[in-house]
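Open your viewer and get ready to select residues by number. We will move from stop to stop, with a short look at each.

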Amino acid sequence: MPDQEGPNARGLFGGVFARGGVEAGDTAWLQAMLDTEAALARALERAGLAPAGAGEAVTATARAENFEPNELGELAALTGNPVPGLARALARRVPQTAVSAVHRGATSQDIIDTAAMLLAKRAIDVIRADLARAAGAAAGLAEAHRASIMIGRTLLQQAVPVTFGLVAAGWLTSLDEAREGLAAVRSRRLAVQFGGAAGTLASLGEAGPRVAALLAEELGLALPVLPWHTDRLRMVDLGAALARVAAALGKIARDVTLLAQSEIGEVSEGAGARGAEQRGAEQRGADQRGPDPQVPAASPRRGGSSAMPHKSNPVASIAILGCTRQVPGLLATLAVATEQELQRAAGAWHAEWEPLTALLRLTGSAVSWAAELLSGLVVDTSRMAANLAATKGLPLAEHVASMLAGVLGGAQAHDLVAEAGARAVSAGLPLRDVLLAVPKLEERLSAAGITAEQIDAALEPSGYLGATDAFITAALDAHQSLGAPNG
């Protein structure tokens, strides 16, 4: 697992795939394992199975900077995982009086599984905070654009009018539901794993359950009914909750890329806070260096193309999709790894580590991008109105047909409007003109007592929004009741 942490240590693709505050690299894993070992030492001391002060001594030593991940990785090749080497290295570094509290009663899987739960807990807190930011921005868009009418699109074709507020409300609801899913996993499914060699805690005798309970208390994790070393439903539940977040974010990003197309142009991405910070840093650096004819004046602008100077690409949305499209395959690996043999899996357990790491990192990156995307999204209501007007009334054909059905009958009304729509498309005329100017159609409307004013009313987009406003209110009310994220 390459280290993903630190602004200068995230690698070539880290700016896209390791953005935000989620830490899921080597250092974060190592610290989570050390935190587990330290908590175990404290639990043993509290249970009377380790000398007084042993827990504090182990905790003081269990700092990632005191260990070398690469060395532990090499030792892992001898044992199949890094814990044996870590436990020995930790025992060498603590005072002699505390050695008996290091790794007592535990097996390697206890440490790694519990560390994974700690890692997930910390990541979920960051992800939920960013989700709350994104949801807050979506709520603002929903409220501000309640009445911003745009064309709705189904199967990528123009359908009936909607409002952008309803679109944003849909985003909001999915973000809030993803937050709730993470909260449920955090509170109920992130549990300590402590079973010893084969799930019996035999080496601790009757004190085993008490130590397990104390360990859970020390780490702030749930205490499971039984050790779950070969019951991997917790890992699947965690992965699924992260995948739900990715699904919500992917939907938003895909909508933005479609609406930001040059031919549609109804939304665009703002520069974002980071873009402003980057430009400020570049300017300060330029001021300090002075002009240099050999060095470009600034880094590439957000959304710029290496070949086409005119382009402004939706970078945040693209980055979100780059993250979220990797998630289903990673979740599938966790699901496949649930088949684990007897009391210790031969490879399936090991297969979880890197997919879980990537799931946490990619989900954290995607939601960090999304919080910025939604906070800076630029909505062009005039372009929405122009695109709607360009349809020349055709998206209101359903409304016209429903009005006519009361006097002509459903089938005749549908056929009349369908004929009018076909004529309007072929002639490039507004639907109203065809309905009121083609003699055969106009005669049928007059005979049915349908006036031009009624046709005009049926072709008014604001009159065919149904429960749009009520739905937006419901989404905002639900968001308000959810409140800010908490543990």
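**Stop 1: Leu342**

Select Leu342, which sits in the loop between H12 and H13. Is Leu342 buried or exposed? Leu342 counts as exposed, because its relative accessibility is 70% and the cut-off for exposed is over 50%. Now look at its backbone. Leu342 has a positive phi of about 45°, although it is not a glycine.

Remember as you go that this is a predicted model.

**Stop 2: Leu156**

Next, pick Leu156. You will find Leu156 in the loop between S1 and S2. Leu156 too has a positive phi, here about 65°, and it is not a glycine. Its relative accessible area is 66%, so Leu156 is exposed.

**Stop 3: the second largest pocket**

Stay with S1 and S2, and turn to the second largest pocket. About 500 Å³ of space lies in this pocket. Four elements give two or more residues to its lining: strand S1 (149-154), strand S2 (157-163), helix H7 (164-188) and helix H9 (233-259). Which element gives the largest share of the lining? That is H9, with 5 residues.

The lining of the second largest pocket has 21 residues in total. Select Ile151, Gly152, Arg153, Asp255 and Leu259, which lie nearest the pocket's centre. Then colour the lining by class. You should get 10 nonpolar, 6 polar and 5 charged residues.

**Stop 4: helix H11**

Select residues 315-324, which form helix H11. How many of the 10 residues of H11 are buried? The number is 7, and the helix is mostly covered. The buried residues are Ala316, Ser317, Ala319, Ile320, Leu321, Cys323 and Thr324.

Now show what lies against them. The buried residues of H11 pack against helix H1 (14-17), H9, helix H12 (327-336) and helix H13 (353-376). You met H9 at the pocket, where H9 gives 5 lining residues.

**Stop 5: Ser317**

Zoom in on Ser317 in helix H11. Ser317 counts as buried because its relative accessibility is 0%, and buried means under 20%. Show the side chain. The side chain of Ser317 makes a polar contact with the side chain of Glu269, at 2.8 Å. Next, display its contacts, leaving aside neighbours within four places in sequence. Ser317 is then in contact with Ala253, Val256, Thr257, Glu269 and Leu373.

**Stop 6: Ala197**

Move on to Ala197, in the loop between H7 and helix H8 (208-219). Ala197 counts as exposed, because its relative accessibility is 69%. Which residues does Ala197 contact, leaving aside neighbours within four places in sequence? They are Thr107 and Arg344. Now select Gln109 as well. Ala197 and Gln109 are 88 residues apart along the chain, yet their C-alpha atoms are separated by 8.8 Å.

**Stop 7: confidence**

Finish by colouring the chain by pLDDT. The chain averages a pLDDT of 89, and 89% of the residues score at least 70. Then select residues 275-284, where the pLDDT is below 50. Beyond near neighbours in sequence, this stretch has 6 contacts in the model. Select residues 305-311 next. Here pLDDT stays under 50, and the model has 7 contacts beyond four places in sequence.

Technical notes:
Residues numbered from 1 in each chain as written. Predicted model: local features only at pLDDT ≥ 70, side-chain atom pairs only at ≥ 80, totals over all residues. Heavy atoms only, no water. 1 Å grid on protein atoms, 1.4 Å probe; cavity = no way out; pocket = protein on both sides within 12 Å on 5 of 7 lines; lining within 4 Å. Points joined across faces, edges and corners; volume = space filled by probe spheres on them. Nonpolar A, V, L, I, M, F, W, Y, C, P; charged D, E, K, R; others polar. Buried < 20%, exposed > 50% of the residue type's maximum accessible area, 1.4 Å probe, protein only. Contact = heavy atoms within 4.5 Å. pLDDT = per-residue confidence, 0-100. Polar contact = N/O pair within 3.5 Å; in protein donor to acceptor, adjacent residues only side chain to side chain.
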